[in-house]
Amino acid sequence: MPEAPTLDVLYRDDHLIAIDKPSGLVVHRGWANDEQVVMTLVRDAIGSWVYPVHRLDRGTSGVLMLALSPESARELCGRFERGEIVKKYWALVRGTPGEAQEIDHPLRPENGGPAQRALTHVRKLAQYGRYAWLEAAPSTGRLHQIRRHLKHVSCPIIGDVRYGKGEHNRLFRDRYGLRRLALHACSLLTRDLSTGAELRIEAPLPADLSATLAALADGASAAVQHE
């Protein structure tokens, strides 16, 4: 078995713990057959049971919150379901989106059934030629919502083997060494379960994404200088 990854703790109190999930690691053993999953790694590290309250896809990195008791889990799950926890993500995409847009596009559950309302607010942070760096804030919590919504507006996420474009994924693997989904959960905003005070938890940009953005910026700058 490969060595267990070290998970950076971003925040902890009596009710919850938030860690910086690396790309490639699943949250719960029920979602895959992996030997190493976030829940057991965190449980073993802190010597206490933890309870999932939301999910991040295997390829997504960033802020992941876990409850430390069933009571806290019920409260936090309720907040996620009611849209009371603000989630923000960064994504590198193929395309030239507008400065800001609201993607209001229903999504069908993967196990069938009628389409459900899904809403994502997107803001462009930078444009690097054919590629853009975005902030995405989903107001609903549908499965793969950001990935599916960005595909819907012709801005697939780099590294997305399911909803993305193979030729662009290969280009970023070969040119920049990026071998992951370029989606990062950068922050969660909620209220402290004890005091009600604002609680913002942030995860820094991983080194592989940071290096890729720096290379894209250098390339865009060089292109401008040669015009």
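These are my notebook entries on the cavity, pocket, cores and selected residues of a predicted model.

**Entry: cavity**

I searched the whole structure for cavities of 30 Å³ or more and found one. It holds about 30 Å³ of space. I listed its lining as H54, L56, V63, K87, K88, Y89, A185, S187 and L188. Two elements give two or more residues to that lining: β5 (86-94) and β9 (183-191). I then sorted the lining by class. Five residues are nonpolar, two are polar and two are charged.

**Entry: pocket**

Next I looked up the largest pocket. Its volume is about 820 Å³. I counted 35 lining residues, and K87, T140, G141, R142 and L143 lie nearest the centre. K87 also appears in the lining of the largest cavity. Four elements supply two or more pocket-lining residues: α2 (70-81), β5, β8 (131-138) and α3 (145-152). Of these, α3 gives the most, with four residues. By class, I noted 14 nonpolar, eleven polar and ten charged residues in the pocket lining.

**Entry: helix α4**

I asked which residues of α4 (residues 166-176) are buried. They are H168, N169 and F172. Do they sit on the same side of the helix or on opposite sides? Their arc around the axis is only 105°, so they lie on the same side of α4. The general rule helps here: an α-helix has 3.6 residues a turn, so residues three or four places apart point the same way. I then checked the face turned away from the buried side. It carries D174 and R175, both exposed. Just after the helix, I noted G177 with a positive phi of about 70°.

**Entry: nonpolar cores**

I looked for the largest nonpolar core and found 40 residues in it. The members that touch the most others are V38, V42, L92, V93, L150 and I157. Strand β8 provides the largest share of this core, five residues. Apart from it lies another core, of 14 residues, including L16, A73, I201 and A203. As a general note, nonpolar side chains in soluble globular proteins tend to be buried together.

I followed up on L92. Leaving out residues up to four places away in sequence, L92 touches Y131, A132, W133, P156, I157, I158, F172, A182, T212, L213 and L216. F172 in that list is one of the buried residues of α4.

**Entry: I158**

I placed I158 in the loop between α3 and α4. Is I158 buried or exposed? Its relative accessible area is 2%, so I158 is buried, the cut-off being under 20%. Beyond four places in sequence, I158 touches L92, V93, R94, Y131, H168, N169, F172, L178, R180, L181 and A182. H168, N169 and F172 are the buried residues of α4. I also checked one distance. I158 and A182 are 24 residues apart along the chain, and their C-alpha atoms are separated by 5.5 Å.

**Entry: A118**

I found A118 in the loop between β6 (100-104) and β7 (119-128). A118 has 0% relative accessibility and therefore counts as buried. Which residues does A118 touch, not counting those up to four places away in sequence? I listed I103, D104, H105, P106, L107, T140, R142, Q145 and H149. T140 and R142 are among the residues nearest the centre of the largest pocket. Lastly, I compared A118 with I85. They are 33 residues apart in sequence and 16 Å apart in space, C-alpha to C-alpha.

Technical notes: Residues are numbered from 1 along each chain as its sequence is written. This is a predicted model: local features need pLDDT of at least 70, side-chain atom pairs count only at pLDDT 80 or more; totals for chains, interfaces and linings use all residues. Side-chain values use heavy atoms; hydrogens and water are left out. On a 1 Å grid over the protein atoms alone, a cavity is a set of points where a 1.4 Å probe fits but cannot get out, and a pocket is an open set with protein on both sides within 12 Å along at least five of seven lines; lining residues have an atom within 4 Å of a point. Grid points are joined across faces, edges and corners, and a volume is the space filled by probe spheres set on the points. Ala, Val, Leu, Ile, Met, Phe, Trp, Tyr, Cys and Pro count as nonpolar, Asp, Glu, Lys and Arg as charged, and the others, Gly among them, as polar. Buried means under 20% relative accessible area, exposed over 50%, partly exposed in between (1.4 Å probe, protein chains only). The arc is that of the directions from the helix axis to the C-beta atoms. A nonpolar core is a set of buried Ala, Val, Leu, Ile, Met, Phe, Trp, Tyr and Cys residues joined through side-chain atoms within 4.5 Å. Contact means heavy atoms within 4.5 Å.
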